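Hi,

Here is the structure we talked about. Have a look at it first, and then read on for what turned up.

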Amino acid sequence: MDEISALQRRADGGGPGPIRRTALHDTIVNHLRDMIIEGDLEPGTRLHEGQLGEQLGISRTPLREAIKYLASEGLVELVPSRGAVVKRFSAKDVHDMLTVLRTLEELAGRLACETATDSEIAQVRVLHNEMIDRYKAADRLQYYKLNQDIHTAIVKLAQNSSLFDIHAMLQTRLKRIRFIGHEGPEKWAAAVAEHEEMIAALEARDKARLSEVLGRHLFNAWDRVRDSL
């Protein structure tokens, strides 16, 4: 069958038409990443190319390329004699990564308050408002993606490429872990409240307050996920 048919139309919501190879690659990567984030592909799961290809309506070649890309992000392991397996992180792995991520975001918050333009801060507010809309609609996956976009945007405002690159790597590896941190109404509401503090501090350019709430938010992230590990 046409490799793009079911998967691409579901992603784009549009009709048939010429598809660039890079668009197909990105669509497959994003779809597999979402399956990992939401737990459809749990840690330790072997990725059977034949089964996945049939399920998604795509051939093995683009699927194999997408799996290799997810391996480069640290979400998948390429294990000798077993093939591709969804990465399983230990509790210590997660704690260590969250500790470093917290330090990076505390620094980013201080720098962002000094370097961001009013327009850039307004763009973060737009993301925040969209995230709140998804929270009110109980749309966890889209809420989560906007949540991560906000953290990325704040780090980007720091205008430090080394900080941005290291943060991006850790944030990608923690995608599934951060997603389960929103399970349950109390945990989700607490995370939202911290984001409300975050955007208020950024708009006030209060670098000490923003750094503190970002650090507290990542510290609390560990409390919200450790029992699930």
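Before anything else, a cut-off you'll want for what follows: a residue is called buried when its relative accessible area is under 20%, exposed when it is over 50%, and partly exposed in between. By that rule D34, at 16% relative accessibility, counts as buried because 16% falls under the 20% limit. Please also keep in mind that this is a predicted model.

**Salt bridges**

I'll stay with D34 for a moment. Its side chain meets that of K145 in a salt bridge, at 2.8 Å from N to O. This pair links distant parts of the chain: D34 sits in helix α2 (residues 21–38) and K145 in helix α7, with the two positions 111 residues apart. While D34 is buried, K145 is partly exposed, with a relative accessible area of 27%. As general background, side chains of opposite charge can pair when their charged atoms come close.

How many salt bridges does a search of the whole structure find? It finds 13. Here are two others to look at:

- E212 with R216: the side chains meet at 2.8 Å, N to O. Both residues lie in helix α11, four residues apart, which is about one turn of the helix. E212 is partly exposed at 39% relative accessible area, and R216 is partly exposed too, at 26%.
- R226 with D223: the closest N and O atoms are 3.4 Å apart. R226 has a relative accessible area of 43% and is partly exposed; D223 also counts as partly exposed, at 33%.

There is a network as well: salt bridges that share partners join E197, E212 and R216.

**A buried lysine without a partner**

K175 is the one I'd look at next. This lysine lies in helix α9. K175 is buried yet has no salt bridge. Which side chain of opposite charge is nearest to K175? That is E73, and it is 6.8 Å away. A salt bridge needs a side-chain nitrogen of Lys or Arg within 4 Å of a carboxyl oxygen of Asp or Glu, so at 6.8 Å E73 does not qualify as a partner for K175. Leaving aside neighbours within four places in sequence, K175 is in contact with R33, I37 and Y144.

**E194 and R140**

E194 is in helix α10. Is E194 buried or exposed? It is buried, with a relative accessible area of 6%. Not counting residues up to four places away in sequence, E194 touches V213, R216, H217, N220 and R224. You'll recognise R216 in that list from the salt bridge with E212.

R140 is in helix α7 and is partly exposed, at 24% relative accessibility. With residues up to four places away in sequence left out, R140 touches F179, I180, H182, E183 and W188. To get a feel for the distances, try R140 and V155: they are 15 residues apart in sequence and 23 Å apart in space, C-alpha to C-alpha.

**Cavities**

Now for the inside. The structure holds two cavities of 30 Å³ or more.

The largest cavity has about 80 Å³ of space. Its lining is made up of N147, I177, R178, G181, H182, A191, H217, A221, R224 and V225. Two of these have come up before: H217 and R224 are among the residues that E194 touches. Helices α9 (175–180) and α11 (207–225) each supply at least two residues of this lining, and α11 gives the largest share, with four residues. By class, the lining divides into four nonpolar, four polar and two charged residues.

The second largest cavity has about 30 Å³ of space. V124, H128, I150, I154, H195, M198, I199 and L202 line that one. The elements giving two or more residues to it are α6 (118–136), α7 (140–157) and α10 (185–203). Which helix provides the largest share of the lining of the second largest cavity? Helix α10 does, with four residues. In this lining there are six nonpolar residues, two polar ones and no charged residues.

If you open the model, the D34 and K145 pair and the buried K175 are good places to begin.

Cheers

Definitions and conventions:
Residues numbered from 1 in each chain as written. Predicted model: local features only at pLDDT ≥ 70, side-chain atom pairs only at ≥ 80, totals over all residues. Heavy atoms only, no water. 1 Å grid on protein atoms, 1.4 Å probe; cavity = no way out; pocket = protein on both sides within 12 Å on 5 of 7 lines; lining within 4 Å. Points joined across faces, edges and corners; volume = space filled by probe spheres on them. Nonpolar A, V, L, I, M, F, W, Y, C, P; charged D, E, K, R; others polar. Buried < 20%, exposed > 50% of the residue type's maximum accessible area, 1.4 Å probe, protein only. Contact = heavy atoms within 4.5 Å. Lys, Arg positive; Asp, Glu negative; His and termini not counted.
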